[in-house]
Amino acid sequence: MRTGEDDVPKSVTLRVDAASTSTQRLSARDALLQAAGELMNERETLEISLSEIAGRAQVNSALVKYYFGNKQGLQLALLERDVGKSMAQLSHLVDSNVGPVEKIRVHIAGLINIYFRSRYLNKLLFMLLRESSPEQAQDISDRLIKPAADAQRQILEEGWASGDFRKVDPMMFYFTVIGACDQIFTASFALSTVFGGVPLNDELRRQFIDHTCSVLLNGVMAHD
């Protein structure tokens, strides 16, 4: 599929809003992805229409089909944008000379940061897995989920070998970490309904990273 702006048909009008592109003009494709992510974050729902996304991006709605094929294609591209860079960073972390305790700490902070930026992430991922064919779902899992689980397993094995960690089931650890890091965002309504309107802001993000690292690391550390 073509992705360059030079290939866009002459009949399609590109009108990227300068105010929504910071100091640099986004490509129409990137503007659509940014708009979709912003709307899902703001409204805390995946139910955003293509016309709303195109309107926020200030581009012709025909470009959704041109770049992504359909709404599911746009959603998958958004996931790949959000997760792809993080998977590369995680791979570098695993291969680094940093000790296993610090690797877990950095990994937890990275997960919370990406969920903070893209609060729709896991909900969108699970929806796409449900609505895809078995072959497509396996491909999505292999590219966007399994690398994180494999990296965690390697870090846990390194920590066990060094004596820093007790023996931990990698599968159980995966579900524990993902659930712990994501829940405050997928159930953010509890901040207002249960905890009196605590704002989901940068200060809370930092506190949540410190708390989650402390709890999870204490759970895997080897103790006399």
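**Helices, salt bridges and cysteines in a predicted model**

Met172 is found in helix H9, which covers residues 170-186. The structure described here is a predicted model. With a relative accessibility of 49%, Met172 counts as partly exposed. Together with Met171 and Phe175, Met172 makes a nonpolar surface patch of about 350 Å². This patch is a convenient place to begin, and the account now moves to the helices and their surroundings.

Helix H1 spans residues 28-43 and has 16 residues. From its first C-alpha to its last, H1 reaches 22 Å, close to the 22 Å expected at 1.5 Å a residue. Its buried residues are Ala28, Ala31, Leu32, Leu33, Ala35, Ala36, Gly37, Leu39, Met40 and Asn41. What covers these buried residues of H1? The cover includes helix H2 (50-57), helix H3 (62-68), helix H4 (71-95), helix H5 (100-117) and helix H6 (121-131). Just after H1 comes Glu44, and the phi of Glu44 is positive, near 55°.

Arg81 offers a view of H1 from one of these covering elements, as Arg81 is found in helix H4 and H4 is among the helices that cover the buried residues of H1. Leaving aside neighbours within four places in sequence, Arg81 is in contact with Leu33, Gln34 and Tyr120. Of these contacts, Leu33 is one of the buried residues of H1. Gln34 and Arg81 are 47 residues apart along the chain, and their C-alpha atoms are separated by 9.8 Å. Arg81 itself is partly exposed, with a relative accessible area of 38%.

Helix H11 (residues 202-220) can be looked at in a similar way. At 1.5 Å a residue, the 19 residues of H11 should span 27 Å, and the end C-alpha atoms are 27 Å apart, which agrees. Which residues of H11 are buried? They are Leu204, Arg205, Phe208, Ile209, Thr212, Cys213, Leu216, Leu217 and Val220. These buried residues pack against H5, H9 and helix H10 (189-193). H9 is also the helix in which Met172 is found, while H5 is also among the helices that cover the buried residues of H1.

The charged residues come next, with a count of 13 salt bridges. In H11, Arg206 forms a salt bridge with Glu203, and the closest N and O atoms of the pair are 2.7 Å apart. Arg206 and Glu203 lie three residues apart in H11, about one turn of the helix. An α-helix has 3.6 residues a turn, so residues three or four places apart point the same way. Arg206 is partly exposed, with a relative accessible area of 38%, and Glu203 is also partly exposed, at 38% relative accessibility. A network of salt bridges links Asp202, Glu203, Arg205 and Arg206. Within this network, Arg205 is one of the buried residues of H11.

Helix H5 contains a pair with the three-residue spacing as well. Arg105 forms a salt bridge with Glu102, in which the closest N and O atoms are 3.3 Å apart. Because Arg105 and Glu102 are three residues apart in H5, about one helical turn separates them. Both residues are partly exposed: Arg105 has a relative accessible area of 35%, and Glu102 has a relative accessibility of 36%.

A further salt bridge joins Glu158 and Lys103, with the closest N and O atoms 2.8 Å apart. Glu158 lies in helix H8 (residues 146-162) and Lys103 in H5, so this pair ties together parts that are 55 residues apart in sequence. Is each partner buried or partly exposed? Glu158 is partly exposed, with a relative accessible area of 29%, whereas Lys103, at 1% relative accessibility, counts as buried.

Lastly, the cysteines can be considered. The structure holds zero disulfides. Cys181 is in no disulfide, and the nearest cysteine sulfur, that of Cys213, is 7.6 Å away. Why is there no bond from Cys213 to Cys181? The sulfur of Cys213 is 7.6 Å from that of Cys181, its closest cysteine sulfur, and this is too far for a bond; a disulfide would need the two sulfur atoms to be within 2.5 Å. Both cysteines are buried, with Cys181 at 0% relative accessibility and Cys213 at 3%.

Terms used. Residues are numbered from 1 along each chain as its sequence is written. This is a predicted model: local features need pLDDT of at least 70, side-chain atom pairs count only at pLDDT 80 or more; totals for chains, interfaces and linings use all residues. Side-chain values use heavy atoms; hydrogens and water are left out. Patches are made of residues with over 30% relative accessible area and no salt bridge: like charges are joined within 9 Å, nonpolar side chains (Val, Leu, Ile, Met, Phe, Trp, Tyr) within 5 Å. Accessible areas come from the Shrake-Rupley method with a 1.4 Å probe; for residues, only the protein chains shown count as cover. A salt bridge is a side-chain nitrogen of Lys or Arg within 4 Å of a carboxyl oxygen of Asp or Glu. Helices (H or I, at least four residues) and strands (E, at least two) are DSSP runs, numbered from the N terminus. Buried means under 20% relative accessible area, exposed over 50%, partly exposed in between (1.4 Å probe, protein chains only). The expected span of a helix is 1.5 Å times one less than its number of residues. Contact means heavy atoms within 4.5 Å.
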